[in-house]
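Work through the exercises below with the model open. Each task is followed by a solution in steps.

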Amino acid sequence: MRPIVRTSSLSRLRWALRNQERNSSTFNSKSRKLLIGVNQNQALVNTNTNDSTSYSRLSFSRGLSAEAVEAPDAVRLSVSDVNRTGPLVEYERRISDGELMTGDICQVSALRELQRLHDELVESVGTCRLDRYNTSDKSSRSRWFWSRLMPQSSYSPVKGLYLYGGVGTGKTMLMDLFFDQLPCTWKKQRIHFHDFMLTVHSRLQKHKGLSDPLEVVAQEIAHDAILLCLDEFMVTDVADALILNRLFGHLFSNGIILVATSNRNPDKLYEGGLQRDLFLPFIASLKERNVVHEIGSSVDYRKLTSAEQGFYFIGKDLSTLLKQKFQQLIGDNVVAHPQVVEVVMGRTLQVQLGANGCAYFPFEELCDRPLGAADYFGLFKKFHTLALEGIPVFGLHNRTAAYRFVTLVDVMYENRARLLCTAEASPQELLEKIVTISEAKSMAPRTSSRSKKNDVSELCVDNELGFAKDRTISRLTEMNSKEYLEQHAITHNL
């Protein structure tokens, strides 16, 4: 049995940013502190050995790289107008106040784009109909009525922003910083892409039978939010791919301004997917209505936080251990029992054991059954901790389970849930047999000791899974960090 000890970089500000955006609350002075001391150490430690591990103390903020520290002048920006607001202005203010020493040049470049968008939105708030209190229901109804008789484009004069880059480069943190600097009276929404698509499908079901339910859904979304911030934009489902072009055609026609983060370049979205030719017009529309900006950084900040032996246990036949740990979390005098969780559109999910916000599942019950993001979101609306028994090594034989596991981790991370689990291997080893097409092509040719049969049985060549692999490893690593677990305890008063 080997508990995992992992590295990741996360400051309390990031937690405050994410939580504040959702709750529309103000920062407290404690959470504004960015600089923390962290231990950078190896990702895994076998507790059965006596090898010593050296630690180095680092001082940095969430989103800062060592390269940028050497050239602080490159990222220090002057703000002549003290009355200006925005993500880049707030970023510089924190540098001036000593809360930040310097910044990651790659992130500052993205902040410039976010500041550009912020300024254009402020200048065009009336034209874009962003302020919910300055846009009357009567005028909205009038516009809708005349649009029925005389259809016309109402595209926003402001282009949105599509940020993409590798895992752990700070995309979500930057978007949340941008979102937080906008007035709370604006018609804005920040939502994970999985959750957004679940809402869309739920609304489509409600308007089933109309001539164009997507148009009605788009009008409903635009009524609630003109500025739509979608985190982790990714398309893996053929049903989503087939409706995105028409959906966003209606959304953009309703004046929607999109801010999105993704691991994928727009041209790589849904690569190799079924009927992708029907998806390509959406990519063109996405690039037309948004500035596309890549965050190039070699640093995964999730892997720079202090390590924690935590709740990830490696080995087989650890059911007894997991149940003991689960009992400790719910309380020695508490008895867990089966429960039923309601999810979207009348569906329910059977929880094998649940108590005090903690749910227990064998891996097969969550990832080897026809479940999806809707079921997982429903689960974590009721439970803040998941005990998951027996995560296997993934490959060609269990590709579908791998897809569900990736989705499960994404939903847990979005809900800031805690994971207690047993697994056959470390996060890196769980997914090492999954590769993209380009990775498979670049691998060394077979030798006499590696037959074609072995190659096929060992590797799962899948572009979507291959690109999701690094994100999943990074998130599993962060979810077992001291900072993540401490913040989870604070959030849920544990």
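**Exercise 1. Determine the handedness of the crossing of α14 and α18, then classify their relative orientation.**

Solution. This is a predicted model.
Step 1: locate the helices. α14 covers residues 399-414 and α18 covers residues 463-479.
Step 2: take the handedness. The crossing in which α14 passes α18 is left-handed.
Step 3: take the geometry. The two axes come within 10 Å and cross at roughly 45°.
Step 4: classify. Angles under 35 degrees count as roughly parallel, and 65 to 115 as roughly perpendicular. α14 and α18 are therefore oblique to each other.
Step 5: list the contact. From α14, the residues include Ala402, Phe405, Val406 and Val409. From α18, they include Leu465, Ala468, Arg471 and Arg475.
Step 6: sort by type. The contact of α14 with α18 divides into 11 nonpolar, 1 polar and 6 charged residues.

**Exercise 2. Repeat the analysis for α9 and α10.**

Solution.
Step 1: α9 spans residues 238-253, and α10 spans residues 280-289.
Step 2: they pack at an angle of about 30°, with axes 8 Å apart. That makes α9 roughly parallel to α10, because angles under 35 degrees fall in that class.
Step 3: this crossing of α9 and α10 is left-handed.
Step 4: α9 contributes Leu244, Asn245, Phe248 and Phe252 to the contact, while α10 contributes Pro281, Phe282, Ser285 and Arg289.
Step 5: by type, the contact of α9 with α10 holds 5 nonpolar, 2 polar and 1 charged residue.

**Exercise 3. Trace the open sheet of 5 strands and find which strands stand at its edges.**

Solution.
Step 1: write the order. It is β5-β6-β7-β4-β8, with parallel pairing.
Step 2: find the ends. β5 and β8 (290-295) each have a single partner strand, so one side of each is left without a neighbour in the sheet.
Step 3: add the twist. It averages 15° from one strand to the next.
Step 4: check the pair β5 and β6. β5 (residues 188-192) is joined by 5 bridges to β6 (residues 227-231). Gln189 stands opposite Leu228 in β6.
Step 5: test burial of β5. Of its 5 residues, 4 are buried, and the strand is mostly covered.
Step 6: check the pair β4 and β7. Here 4 bridges link β4 (residues 160-165) to β7 (residues 257-262), and the strands run parallel. Tyr164 stands opposite Ser262 in β7.
Step 7: add the helices. α4 (residues 105-123) lies across β4, β6, β7 and β8, at about 165° to β4. α10 also packs on the sheet, touching β4, β7 and β8. The direction of α10 makes about 90° with that of β8.

**Exercise 4. Inspect phi at Asp317 and Asn356, and place each residue in its loop.**

Solution.
Step 1: recall the background. Most residues other than glycine have a negative phi.
Step 2: Asp317 has phi near 55°, a positive value. Asp317 sits in the loop between β9 (312-314) and α11 (319-330).
Step 3: is Asp317 buried or exposed? Its relative accessible area is 79%. The cut-off for exposed is over 50%, so Asp317 is exposed.
Step 4: Asn356 has a positive phi of about 50°. Its loop lies between β11 (348-355) and β12 (358-362).

Methods:
Residues are numbered from 1 along each chain as its sequence is written. This is a predicted model: local features need pLDDT of at least 70, side-chain atom pairs count only at pLDDT 80 or more; totals for chains, interfaces and linings use all residues. Side-chain values use heavy atoms; hydrogens and water are left out. Buried means under 20% relative accessible area, exposed over 50%, partly exposed in between (1.4 Å probe, protein chains only). Helices (H or I, at least four residues) and strands (E, at least two) are DSSP runs, numbered from the N terminus. Two strands pair if DSSP finds at least two bridges between them. Axes are lines fitted to C-alpha atoms, for helices over the stretch in contact, and angles run from 0 to 180 degrees between N-to-C directions. Angles under 35 degrees count as roughly parallel, over 145 as roughly antiparallel, 65 to 115 as roughly perpendicular and the rest as oblique. A crossing is left-handed if the near helix is turned anticlockwise from the far one by less than a right angle, and right-handed if clockwise. Contact means heavy atoms within 4.5 Å. Ala, Val, Leu, Ile, Met, Phe, Trp, Tyr, Cys and Pro count as nonpolar, Asp, Glu, Lys and Arg as charged, and the others, Gly among them, as polar.
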